[in-house]
Amino acid sequence: MATGKRTERSSDRAGALGAYRKKRDFARTREPAGKPARSRRTHLLQFVIQKHAASHLHYDLRLELDGVMRSWAVPKGPSLDPSMKRLAMQVEDHPIEYNTFEGTIPAGEYGGGTVMLWDRGTYRPDEAESGEDPERAVRRGLRDGKLSFTFEGERMRGSFALVRTDRGPKPKWLLIKHRDEHARRGADITEEVQTSVTTGRTMEEIAAESDRVWRSNRGGRAGGEERGTPARGAGDVVIAPMQPKPSRTLPDRGEWTYELWRGGDRILAYVTPDGARLVDGRARDVTKQHRAVADELASLARRAKRSFVLDGELVAHDDGAVLHASDLLLDDTDVLLDEPWEARRAALEKLFRRRRVKHVALQQLGGAADVLLRRAARESAPGLLARRLDAPYEPGTRSAAVLRIARH
Ligand code: MN
């Protein structure tokens, strides 16, 4: 019985590491191929963070789950400052044996470059119920797109969250430090810690020592692991907009609220006191075209003393463009994606309360559907949007929690 179970586990795992193995020639690289999982009923879950100088410098966060290391490439690395939200792109699972790998992957091989063991230790999910298998709690968090966990490492300690902001073949997440005794505002841990957790070597020393070993393996193109990692400015955050579902019928009021759909450009605004970045529905940066809106939003961030991300619709009027803000996704250190729409809306109103912001308007709500439909006709707006009051923001999905109803 136990043997049968183990066999099933290892074949599952071979499947899980398929993407990892396919990309590597193990005759050329010293990276491990991954052996069958040992059966370990109760043990602490391992984590490792590797600093990886590939085509782009990044940090690979790996969390043990189900006999493999679930992996994220974090371009800027982790931060102990709760206000820093770090982009984490999910990449293929790695074998557990990879946790001890430090050295140089030959140029031309996948992920070619120098790898440093930057931190290692154990981690545990914060939201496991009493007596629950911790792996089950981690699995649930990853499936639901929000995992809260605590690092017990040499350099990383305390509670963090991984929050998914975009699904798709390469899901995007944010890595965020929770406020606790290990949080350090303004700290730059990746700047402070430049050496290997196991050998104390710098990247240069690792590269120099490995060079001698791998000199004969030159040639080919540079490896492309996590190529195209966006190196964005303000906020280092990318959230894919939630799209409305077209509908022919209006849902019953009660659970829903209605607003005008103006047919403008969908805009996500990433705003810090230093500036705002406007990204349209096709992921194009349109900040330059709407400088007045961006400047006003940055001014709001300065007055409110915080960064935020809002969702809205940009509409051209006679006297210039106006951003009709409808949703607030990040507010200072709070990630609001999992909050019901009502709570996000309340936070949005609070942000704008008693603050005049030119070129930006709060999307107006409410009213009976027939009144709003007449207004849409009068203003040549294409129709209405209906939002479920209790729905979370689901980045990158076409969600039935927001319906788009055309006037005709
Ligand atoms: Mn990597």
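**Reading a predicted fold, from a loop to a metal site**

Tutor: Let's start right behind helix H7, where Arg354 takes a positive phi of about 60°; helices (H or I, at least four residues) and strands (E, at least two) are DSSP runs, numbered from the N terminus. This is a predicted model, with residues numbered from 1 along each chain as its sequence is written. Local features need pLDDT of at least 70, side-chain atom pairs count only at pLDDT 80 or more, totals for chains, interfaces and linings use all residues, and side-chain values use heavy atoms, with hydrogens and water left out.

Student: Where does Arg354 sit, and is it buried or exposed?

Tutor: Most residues other than glycine have a negative phi. Arg354 sits in the loop between H7 and S17, and it is exposed, with a relative accessible area of 81%. Here buried means under 20% relative accessible area, exposed over 50%, and partly exposed in between (1.4 Å probe, protein chains only). Ser380 also has a positive phi, near 55°; it belongs to the loop between helix H8 (369–378) and S18 and is exposed at 60%.

Student: How do I read H7 itself, and which of its residues are buried?

Tutor: An α-helix has 3.6 residues a turn, so residues three or four places apart point the same way. In H7 (residues 341–352) the buried ones are Trp341, Arg344, Arg345, Ala347, Leu348, Leu351 and Phe352. They cover an arc of only 160° around the axis, so they lie on the same side of H7; the arc is that of the directions from the helix axis to the C-beta atoms. Their packing partners include helix H6 (291–304) and strand S14 (308–317), where contact means heavy atoms within 4.5 Å.

Student: What about the nonpolar core: which residues have the most contacts inside the largest one?

Tutor: In soluble globular proteins, nonpolar side chains tend to be buried together. A nonpolar core is a set of buried Ala, Val, Leu, Ile, Met, Phe, Trp, Tyr and Cys residues joined through side-chain atoms within 4.5 Å. The largest has 28 residues, and Leu61, Leu63, Phe149, Phe151 and Leu162 have the most contacts inside it. Strand S2 (residues 57–65) gives the most to this core, with 4 residues. A second, separate core of 25 residues includes Val286 and Phe352.

Student: Last one: which residues coordinate the manganese ion?

Tutor: Donors are N, O and S atoms within 2.8 Å of the metal (3.2 Å for Na, K and Ca); water is not among the atoms, so sites may look incomplete. Here His52 (ND1), His58 (NE2) and Asp60, through OD twice, coordinate the ion at 2.2 to 2.8 Å. The spacing in sequence is H-x5-H-x1-D, and both His52 and His58 are buried.
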